[in-house]
Amino acid sequence: MTVLQVVQAPAVVLGTAGGTVDPCADDIVKLAADLADTMRVSPGCVGLAAPQVGVGAQVFAVDVTGHPKARTVHGTLVLCNARIVEASQWQKGREGCMSVPDLTGDVKRANRLVVAGQVPGTGDEIEITTDAFEARALQHEIDHCAGLLFLDRVAGAHAVYARKVYL
């Protein structure tokens with residue numbers, strides 16, 4: 001198990017779109033496993049993208065298992081080159097991020113979502129249909145891979161808050 005260091009804003013890598021990857025390349029398979037390991041040992045973490053550990057690549061891990069806001073749960077999802085196929089039922093919700101540890105913000109995201117991406121190690125293309133909190137988490141990580149933070153999606157300063165609970 002390798003636990004990676006999470007970079008924080010204003011690190012340049014967080015604002016730069018990650019490159020597409022070969023999901024079968026050894027370094028990408030290792031990165032995918034390390035992202036999942038780091039996510040699992042980080043309190044309160046439900047997702048982690050490669051740019052958050054200083055790597056400009058389109059790879060992320062998400063797992064909302066046990067989260068009280070989750071309805072649909074697919075367990076640990078690790079995807080490369082993920083993209084949103086369908087998005088609907090937009091809702092505003094509070095988000096936080098390990099790369100922006102002192103703030104949270106209200107972000108409008110799709111509550112129903114279809115995401116496609118490739119599985120590290122095999123390169124198999126999969127499609128995931130989900131909703132609620134898992135949909136929000138997937139969109140948050142896809143944004144990281146595109147060089148966006150949740151702060152880029154808030155409506156303005158009035159929708160940003162000091163984090164009340166530090167994990």
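This is a short walk through a predicted model, taking helix H1, the cysteines, two strand residues and a surface patch in turn.

I'll start with helix H1, residues 26–41. At 1.5 Å a residue, its 16 residues should span 22 Å, and the end C-alpha atoms are 23 Å apart, so the two figures agree. Which residues of H1 are buried? They are Ile28, Leu31, Ala32, Asp34, Leu35, Ala36, Asp37, Thr38 and Met39. Note that the list includes Asp34 and Asp37 along with Leu31 and Leu35. The cover over these buried residues includes three strands: E1, residues 47–49, E2, residues 59–62, and E3.

Next, the cysteines. How many disulfides does a search of the whole structure find? Zero. Take Cys24: the closest cysteine sulfur belongs to Cys80 and lies 8.5 Å from that of Cys24. A disulfide here requires the two sulfurs within 2.5 Å, so the Cys24 sulfur is too far away for a bond. Cys45 is likewise in no disulfide, its nearest cysteine sulfur being that of Cys97, 8.6 Å away. As for exposure, Cys24 is partly exposed, at a relative accessible area of 39%, while Cys45 is buried, at 13%.

Now strand E3, which runs over residues 77–97 and contains Val85. Is Val85 buried or partly exposed? With a relative accessible area of 42%, Val85 is partly exposed. Setting aside residues up to four places away in sequence, Val85 touches Val114, Val115, Ala116 and Glu127. There is also a C-alpha distance to mention: Val85 and Thr129 are 44 residues apart along the chain, and their C-alpha atoms are separated by 9.5 Å.

From there to strand E5, residues 125–131, where we find Asp131. Asp131 has 10% relative accessibility; the cut-off for buried is under 20%, so Asp131 counts as buried. What is Asp131 in contact with, leaving aside neighbours within four places in sequence? The contacts are Arg71, Thr72, Asn111 and Arg112.

Last, the surface. Met1, Val3 and Val41 form a nonpolar patch there, and together they have about 320 Å² of accessible area. Met1 lies in the segment before H1, and Val41 carries the number at which the range of H1 ends. Met1 is exposed, with a relative accessible area of 74%; the cut-off for exposed is over 50%.

To recap: H1 has a span that agrees with its residue count, the search finds zero disulfides, and Met1 belongs to a nonpolar surface patch with Val3 and Val41.

Definitions and conventions:
Residues numbered from 1 in each chain as written. Predicted model: local features only at pLDDT ≥ 70, side-chain atom pairs only at ≥ 80, totals over all residues. Heavy atoms only, no water. Helix = DSSP H or I, 4+ residues; strand = E, 2+ residues; numbered from the N terminus. Buried < 20%, exposed > 50% of the residue type's maximum accessible area, 1.4 Å probe, protein only. Contact = heavy atoms within 4.5 Å. Patch = residues over 30% accessible without salt bridge, like charges linked within 9 Å, V, L, I, M, F, W, Y side chains within 5 Å. Areas by Shrake-Rupley, 256 points an atom, 1.4 Å probe, with all protein chains shown as cover. Salt bridge = Lys/Arg side-chain N within 4 Å of Asp/Glu carboxyl O. Expected span 1.5 Å × (residues − 1).
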